[in-house]
Amino acid sequence: MILKAKQYKSGVKPIWCPGCGHYSVLNAITKAFAALQQAPEQAVLVSGIGCSSRLPAYVHSYGFHGVHGRALPVAAGLKVARPELNVMALGGDGDGFSIGGNHFLHACRRNVDIVYVVMDNEVYGMTKGQASPTTPENWDHSKLTPHGPEVRPFQPCALALAAGASFIARGHSGDPNGLAQILYEAVQHPGFAFVQVLSQCVTFCPEQAQWKEIVHTEDVCTSDPVAAASFLHGDDGFAKGIFYRNPRPVWPLAHERKEADLREGFRL
Amino acid sequence: MRNLTIALTGSGGTGVVALGEMLLRAAGNTGYYGILRKTFGPQIRGGESAAILRLGPQPLASFGGEIDLLLALDWSNFQRFADEIPISTSTLIIEDTAAGERPTQLSARDSIKTLDFSGLAQSLGSAHSNIALLGYVAAWLNCSEEQVKAAVFQRLHKHSEETVALAQSVAAAGAQWQRNHPIGLSPPDAVKQAPGATPEHWLATGNQLAGLGALEAGIRFVAAYPITPASDALEWMAGKIESVGGHLVQAEDELAAVNMTIGAGYGGVPAMTATSGPGLALMSEAMGLAIASETPLVILNVMRGGPSTGIPTKSEQSDFNLAVYGMHGDAPHVVLAASSIADCHFTMGWAVEIASERQTLVIVLSDQLLGQSMQILPPTATMPFKASLTQAALPPAEGEDYFRYLDTESGVSPMAVPGQAGGEYTADGLEHSQHAVPSARAQDHEMQLDKRRRKLQSLVESSHWGEVSRRDNAELMILCWGSLFPIALEAQQRLQERGLAVNVVNLRLLSPLPVVALRNCMVGMTKVWVMEQNHQGQFDQYLRSHLSQSDCADLPELIRYCRSGPRLFTPMEIVELVEKAGGAQ
Ligand SMILES: Cc1ncc(C[n+]2csc(CCOP(=O)(O)OP(=O)(O)O)c2C)c(N)n1
Ligand code: SF4
Ligand SMILES: [Mg+2]
C-alpha cells in the first residue's frame, strides 16, 4: 500500500495561529515521508518545547515531546539504543540555540545519524514574543528587551559547520516542496543533518511575511568546509538550499563485539 | 585480637591507596576477610590520601572506628584526616624515616617506631617505600611471598616486567625486615580459623557491584557525565556493556545524560545514568519528564558531601531531600537506598525491574563509602531481577484505538515502543488524555496524576522494602538506611555482647515509604533511634510527616541521631548512645 502525504497526518488539530510557518514544515515532513514511503512505526519525531515543538503530535508516527531544549539528547539516546529507527529531532530557535545550545554544538560534533530541523522564526513564539538568539539586534518589539537584544544574532549554519555538522541546509516555510526535497536528502544523509527552516511567526513578527520576497535559492552544495565557511560567512541569511554535505563516520562507530563474562575480574 | 584496623596515610604520590589494595588482596588470599576505605583530599595527584583497612576472620562489611595500627609514609597532610582517623593511646604507630615532621598531638608519644622503608626501597633502586611497607606488614599477617607477589602483579600488571619484578623484590626485602624489626603486636588469628576467605571470594567496590547489578538486570544503555564518586561505576560499566550489546555514551552534561537515557528508555531499551548531588540537581527537570511521560528511567546517585561542590571525595547521605522531593509538580517516583557494598547489586537490579515494570523513575541512593570502599565478599548471588516492559496486548487489533495512557486499575498502561505498528503515539511531558493527546483539562490531569501515583503504591507490600534484624526481648530499635546499616548491625552485635538487645531496621524502599511495615516493626518498642548521615535529619523529618498521618497513638519515642559527613558513624558511638539511654529500661 502506497502512503500519501496526508496519511502521515495524525488528525490531531494543531494549536498554531492561522498562517504560522510551522504548518508548512509539517506539510514538508509528511511530503518527505511520502516520498520516502517511510513506515510510520519506524519513524520517531522528537521535540523540545515551543510552538514548533508541538509538531510530533500532528504526525502519524512515533513521537516524543520532551522538555525545553533537550530534543537532541533524547533523539541521540534513542538512535544509539535503536539504530534501525529513523529519528528526527525538531524544535524552535529558542529551544535549539538558546536553552539547548550546548546540545546543538555537541550533536554537530558527535555525528549521530539523526536529522535536526530548527523552525527558526527569530522569536520565542510560545511565550509571546521575546527575543531569541537569532533575533536581529535592533528588534525592539518585546517588552522584555525594550532596546532590542543589542547583541548580534547567531548564524546557525556557520555555527553548525564550525561544530562539525556533516550536512547543512536551509529551507523556507513559504516553499514546502523545496523544504520537502531538502528533508528527503537530509534523512538519507548518514550522520547529523542540520536543517534550518525560516518559518515565520505571523503573530509576533508579522514583518517576516516579507521573507518570501528576499529568500533566494543557491546551488552551492560543497563537501569542502573552507568553501562552505566562506559562503556561510558571506551569506545574508536568506539563501536556501543544501550548503554542505560531507559524510564522515557516524557515531557510535562499529566495534567488534567481544564476548566477555560480566563477572570476570572480581575474584581475589 | 579479633579484628585489626590499619590506617595508612601519605600524600597522593606515596601510594597509600595502592598499598591498601595490595595488602587487602594478599590478606584475602591468606584467609582474612576485609574491607578497605579510601579517602582522598581535594587534590587530584600529589595531595593527601588515606586508606583504612580492616581485617578479620569473619566477613566484615563495616569499619570499627578504633585504629590498631597507623602506618605513616608522609605526615604532612595528616591533619586533614585527623577527624576520620581517631588515634587512641593504644594505637601502634609506625612511621617512615622520610615521613617528615610528626603532627603536634603525637609529638609527645615515645612509642612511635621509625623505620627506614624509603631507604630500603632506594637501596634496591626503587622510589616506592609503600611496596617495602607492603612486604613488611604482609609478612606480619603471615601472607606468603607468593601471595604478596601476586597482589603486586595484580596491581602493576600493565607495567613492564622489570617494574613488576623490582616491586616484588622490594616487597620481599620488606618482608625480611619483619624478621629483623618485628612489629611487636600479634595479628588476628584469621588464618588458623578456617574457613576464611578463599580464592573464590570477590574483591569489589559498591560502584562495581551496582554496575554489575544494572547490566545483569538488563541495562543496555548508559549515558552519563563524569562526577566523583560515581565515575568509577561508569568506568566499570564502560568496559563491560559492549560485551552484552549495549552502549555507554559520555554526554556533554547531565542534562544531556538524563535526556539521552530517557530517549533510550522510550525506545524500549533498559537505560540508566549515574551521577552525584550536583548532577542529580541538574537532572531534576528531566526526572519530571520521565514521570509524566511514563518512561522508565534509573538514576544511580552516589552521594558525597554537599551542597554545591561540597566535599566531592567524601561520603554523606545528604541528597535524600533532593531525591525524594526535588521535583516540580506532583511527581510520584521511587527512591531506593543500597544498604551495603553487596547490596548495591541487588538494589540496582530491583530498581531496573521497577522502572521498566512500572514505567517510572527510580533513583538509587548509594554513597562514597559504599561506592568506593572495597570488600572481600562471597561471589554475589545470581541476579533475581529482570527488566521487562509491560506492553499489554500490542499492537491493538485492526481498527481499535490505542490508549497509551489508559487509566487501568494497576495504574500501569500498555506501552508501545517504536517499531510496533499500530502503537504510534507521542509520549508527552505535557499533560495528556488517555489517548496521548495534549490536554489541559482538569479531568485528564487528575486522572493521570492518580494513575501515576497508584501504580507505585503496591511497592510497599514488597518483601524487599527493607531488612529487619531482631533480638529476643528487644524494646529498643535503630532505624537507618544506606551505608549506616552495616555499622548499625555491628553496634547491635556489640550491644548484645554487653547484654543489651536492640533491633535494627534498615529501609531499602525510601519512597513510597512502607509505613505499615515500619509501624509493625515499632510495635513493642519503647525507643527508636533514627540514624542518618546528614546535618538536618532529612529522612527523620520525612518519616515523622508520614507517621503523623498514620495512627500515632502508640508510637515509641523517636530520637533523631544525625550528623554530617565525612566523619563516619562508628559502632562504638552507637553502643554508647544506646547504653546511655537504654540502661534506664
Ligand atoms: C525550562 C523552561 N524554561 C522556559 C520555558 C518557557 N518556554 C516555553 S517555549 C519557550 C521558547 C520557545 O521558543 P522557540 O523554541 O523559538 O519556539 P517557537 O515557539 O518560536 O516555535 C520558552 C522560553 C519552558 N517551557 N521551560
Ligand atoms: S505564536 Fe508565532 S510561532 Fe507560535 S503558533 Fe503563532 S505564529 Fe506560530
Ligand atoms: Mg522561535
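**Figure 1. Chain A at a glance: helices and strands.** Chain A of this predicted model holds 8 helices and 8 strands. Its radius of gyration is 19 Å, close to the 18 Å that the globule rule gives for 268 residues, so chain A is as compact as a globular protein of that length. If you follow the C-alpha trace along its principal axes, chain A spans about 70 × 45 × 40 Å. Buried residues account for 56% of the 268 residues. Now look at contacts between residues with a separation of 6 or more: in chain A, 68% of them join residues 24 or more positions apart.

**Figure 2. The surface and charges of chain A.** About 11,300 Å² of chain A is exposed, and carbon and sulfur atoms supply 55% of that area. Try counting the charged side chains: chain A has 23 positive and 23 negative ones. The centres of these two sets lie 9 Å apart.

**Figure 3. The magnesium ion (ligand 3) and its protein donors.** Which residues of the protein supply donors to this ion? They are D93(A), through OD, N121(A), through OD1, and V123(A), through O, lying 2.1 Å from the magnesium ion. Along the chain, the donors follow the spacing D-x27-N-x1-V. Are N121(A) and V123(A) buried or exposed? N121(A) has a relative accessibility of 5%, so it counts as buried. V123(A), at 2%, counts as buried too.

**Figure 4. Helix 4 of chain A and the residue after it.** This helix covers residues 101-110, and its buried residues are G101(A), H103(A), F104(A), A107(A), C108(A) and R110(A). Just after helix 4 comes N111(A), whose phi is positive, near 65°.

**Figure 5. H141(A) in a loop of chain A.** To find this residue, look in the loop between strand 4 (115-120) and helix 5 (156-163). Is H141(A) buried or exposed? Its relative accessibility is 53%, and exposed means over 50%, so H141(A) counts as exposed. As a landmark, take A131(A): it is 10 residues from H141(A) along the chain, and the C-alpha atoms of the two are separated by 8.6 Å.

**Figure 6. Chain B at a glance: helices and strands.** Here you can find 18 helices and 21 strands. With a radius of gyration of 26 Å, close to the 25 Å that the globule rule gives for 585 residues, chain B is as compact as a globular protein of that length. Its C-alpha trace spans about 90 × 60 × 40 Å along the principal axes. Of the 585 residues in chain B, 63% count as buried. Among contacts with a separation of 6 or more, residues 24 or more positions apart account for 76% in chain B.

**Figure 7. The surface and charges of chain B.** Chain B exposes about 21,300 Å², with carbon and sulfur atoms supplying 51% of that area. Its charged side chains come to 40 positive and 59 negative, and the centres of the two sets lie 5 Å apart.

**Figure 8. I87(B) and the residues it touches.** Look for I87(B) in the loop between strand 4 (69-72) and strand 5 (92-96) of chain B. With a relative accessible area of 27%, I87(B) is partly exposed. Not counting residues up to four places away in sequence, I87(B) touches L70(B), F78(B), I93(B), L106(B) and R109(B). For a wider view, find V170(B): it is 83 residues from I87(B) along the chain, and their C-alpha atoms are separated by 29 Å.

**Figure 9. Helix 7 of chain B and its cover.** In this helix, which runs over residues 231-238, S231(B), A233(B), L234(B), W236(B) and M237(B) are buried. What covers these buried residues? The cover includes helix 6 (206-217), strand 8 (221-224), strand 9 (247-250), strand 10 (271-275) and strand 11 (297-303) of chain B.

**Figure 10. N534(B) and its contacts.** N534(B) sits in the loop between strand 20 (527-532) and helix 17 (538-549) of chain B. At 0% relative accessibility, N534(B) counts as buried. Which residues is N534(B) in contact with, leaving aside neighbours within four places in sequence? They are Q317(B), S318(B), W481(B), C562(B), R563(B) and S564(B). P566(B) is 32 residues from N534(B) in sequence, and the two are 9.5 Å apart in space, C-alpha to C-alpha.

Methods
Residues are numbered from 1 along each chain as its sequence is written. Chains are lettered from A and ligands numbered from 1 in the order in which they are written. This is a predicted model: local features need pLDDT of at least 70, side-chain atom pairs count only at pLDDT 80 or more; totals for chains, interfaces and linings use all residues. Side-chain values use heavy atoms; hydrogens and water are left out. Helices (H or I, at least four residues) and strands (E, at least two) are DSSP runs, numbered from the N terminus. The radius of gyration is taken over C-alpha atoms; the globule rule is 2.2 Å times the number of residues to the power 0.38. Buried means under 20% relative accessible area, exposed over 50%, partly exposed in between (1.4 Å probe, protein chains only). Contact means heavy atoms within 4.5 Å. Accessible areas come from the Shrake-Rupley method with a 1.4 Å probe; for residues, only the protein chains shown count as cover. Lys and Arg count as positive and Asp and Glu as negative; His and the chain ends are not counted. The place of a charge is taken as NZ of Lys, CZ of Arg, CG of Asp or CD of Glu. Donors are N, O and S atoms within 2.8 Å of the metal (3.2 Å for Na, K and Ca); water is not among the atoms, so sites may look incomplete.
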